[in-house]
Amino acid sequence: MLPKPSRPSSTSLRFVVLMVLVVASLVAGLGLRSPSPPDEPRFVLAARHMVQTGQWLLPHRGSELYAEKPATFMWLQAAAYKLVGDWNLSFLLPSLLAALLTLWLTWDMSRRLWNRRVARYAVLGLFVCIQFGLMAKRAQIDMVLVGMTTLALWGLVRHLLLGPNWGAFALACFAAGVGTVTKGVGFLPLLMLLPWLGWRWRHPHAPGPGRSWGWWLLLPAFLAGTAVWLGPLFLALLQDPDPQLQAYARELLFKQTGTRYANAWHHHQPFWYYLQVMATMWLPGSLLLPWLVPAWWRRCRRGDPRYVLLLGWVLLVLLFFSASPGKREVYILPALPAMAVAAAPLLAGLLRRTGVRWLLLGYVLLLAVAMLAIGYGAVHGDGWALRNATKRAIDLSVLPPVGWWLIGVGSACVALVLTLRLRRAGLAVVLSTVLLWSMYGLGAMPALDPYSSASRVMDKVRTHIGPEAQLGMVAWREQNLLQTDPQAADFGFKRPVAEQWQDAARWVAEDPQRRWLFVLDKAMSPCADRAAIVAIGSANRNNWQLLPGTALDVACVARTHGAVDDGDGVQDDDGD
């Protein structure tokens, strides 16, 4: 008689249910909004250009080459569009899939290093950190970079701590190469070799990979990863002497990598900036650091290689980014999964402490109070919500629906606190995070989308000029161009506004009766007939105007070279 198959434990079943809720909260809202600034519209513009023209090697922002980032992320968005046929669905898919991959890799890495129970703590601990969920629901390069970084760490851990496993090592190096041509810092996982070498020097007889020809896989595998994009680029450089292509390669391979790191021209922050980011954007996980840091220190002093490698790598990443004068909060995100894996074995013990439980429950309660207060203000049209809506030219009718979403989720979080109480404070944190990201995707972002994506003001433009008119743009923003269909004419993005006016005047002169210009108010030409200018609306804290072609003195533009105020008319790329 065959034995009955064993049923999964109640703990495993609860974990599966929680993971279904986690995935559902990350998926929530997919397809319900359009790309929003600062980074999303420029990437979708480039991806859309690839799909429309069939030219996938060099990304474009309107009529200009976009040389700030490699094409890899835009390829993923364009490929997703080819599969699903809807930009509002496809532009978020790479980040979502990378987030799910990161969660699985975090689980599997923890399972292999410790056990399944620890792995459950690791994956849920990663999910509840605010920055992880926020970036999983944004179409920025960083979440895909985190996916590649975590894949590389997974391969290195399997080789260095659980190996030798030369296949996993080669995969890690390849993933680091792909990460590098996704965003220049993708090589950072290979820094884990430094703490490993230090640990091996102190423990020369420990099991693990020793001297072998396999180490020579590092460079070929890494270069194979980078060749995903650099290979086609170098072939194009060899075959095409076009100076524009050469300038593009120099800009991307030198200025946007080494120069941007060593002598950043924006986002200057103090050396300790990332400690502040970790303390705030990694909530509620960062609340546990007063207990985690001493415990980590004791384990590192005992020479536990799991902690030495994971935490040594995190420290190297922190020092690497802190050394650069240019800093953005998303840069440190790749270190978060490794921190979650290192914290996971300690979480079960910490969650038995009354002080830790009170702290986590207080976090959920504070989150609930904040949502209730903002939601109440939104429903009644006062306070923080009203001030921000006014500043961003958001129709006040949008506030009550968003407010009720906030009140609903805030009330649900209060109910979690009252129901789960101290004994299940950790579960309250997970469920409140599920509610937060579900509300963000299903309620807040779709309601605010017409204003954050600039679709509302561009709808007004289409209605005003009519279906037969043609639109050109001067001193434009990426979200405005993205919201035009067919795509408006543009005269450069980073070019001086004076030069844009020269080309715009020539374009208008070809058919002044049908052509209109969409212009940032601060960049309007003195050669325009002020009486004919139409104030069409505000979006993203900018005021926009429409100028009929018949109201532009083309001869004046030619005489004055479009001499307008360039200071506010050109948007520098401040992407990630």
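# A tour of one charged patch and four backbone features

Start by selecting helix α18, residues 383-391, where Lys391 is found. The model is a predicted one. Lys391 counts as exposed because its relative accessibility is 51%, and the cut-off for exposed is over 50%. Now add Arg387, Arg392 and Arg541 to the selection: together with Lys391 they form a positive surface patch.

Next, the backbone. Most peptide bonds are trans, and most residues other than glycine have a negative phi. The remaining stops are departures from these two habits.

Select Gly163 and Pro164. The peptide bond between Gly163 and Pro164 is cis, with omega near 15 degrees. Pro164 sits in the loop that runs between α8 (141-160) and α9 (166-180).

Move on to Asp485 and Pro486, which are also joined by a cis peptide bond, here with omega about 0 degrees. The loop holding Pro486 lies between α22 (478-482) and β4 (489-490).

Then go to Arg421, in the loop between α19 (399-420) and α20 (425-452). Arg421 is not a glycine, yet its phi is positive, near 55 degrees. Show the surface here: Arg421 has a relative accessible area of 58% and is therefore exposed.

Finish at Ala475, in the loop between β3 (470-474) and α22. Ala475 has a positive phi as well, about 55 degrees, and is not a glycine either. Is Ala475 buried or exposed? With 1% relative accessibility, Ala475 counts as buried, since buried means under 20%.

Definitions and conventions. Residues are numbered from 1 along each chain as its sequence is written. This is a predicted model: local features need pLDDT of at least 70, side-chain atom pairs count only at pLDDT 80 or more; totals for chains, interfaces and linings use all residues. Side-chain values use heavy atoms; hydrogens and water are left out. Patches are made of residues with over 30% relative accessible area and no salt bridge: like charges are joined within 9 Å, nonpolar side chains (Val, Leu, Ile, Met, Phe, Trp, Tyr) within 5 Å. Accessible areas come from the Shrake-Rupley method with a 1.4 Å probe; for residues, only the protein chains shown count as cover. A salt bridge is a side-chain nitrogen of Lys or Arg within 4 Å of a carboxyl oxygen of Asp or Glu. Lys and Arg count as positive and Asp and Glu as negative; His and the chain ends are not counted. The place of a charge is taken as NZ of Lys, CZ of Arg, CG of Asp or CD of Glu. Helices (H or I, at least four residues) and strands (E, at least two) are DSSP runs, numbered from the N terminus. Buried means under 20% relative accessible area, exposed over 50%, partly exposed in between (1.4 Å probe, protein chains only).
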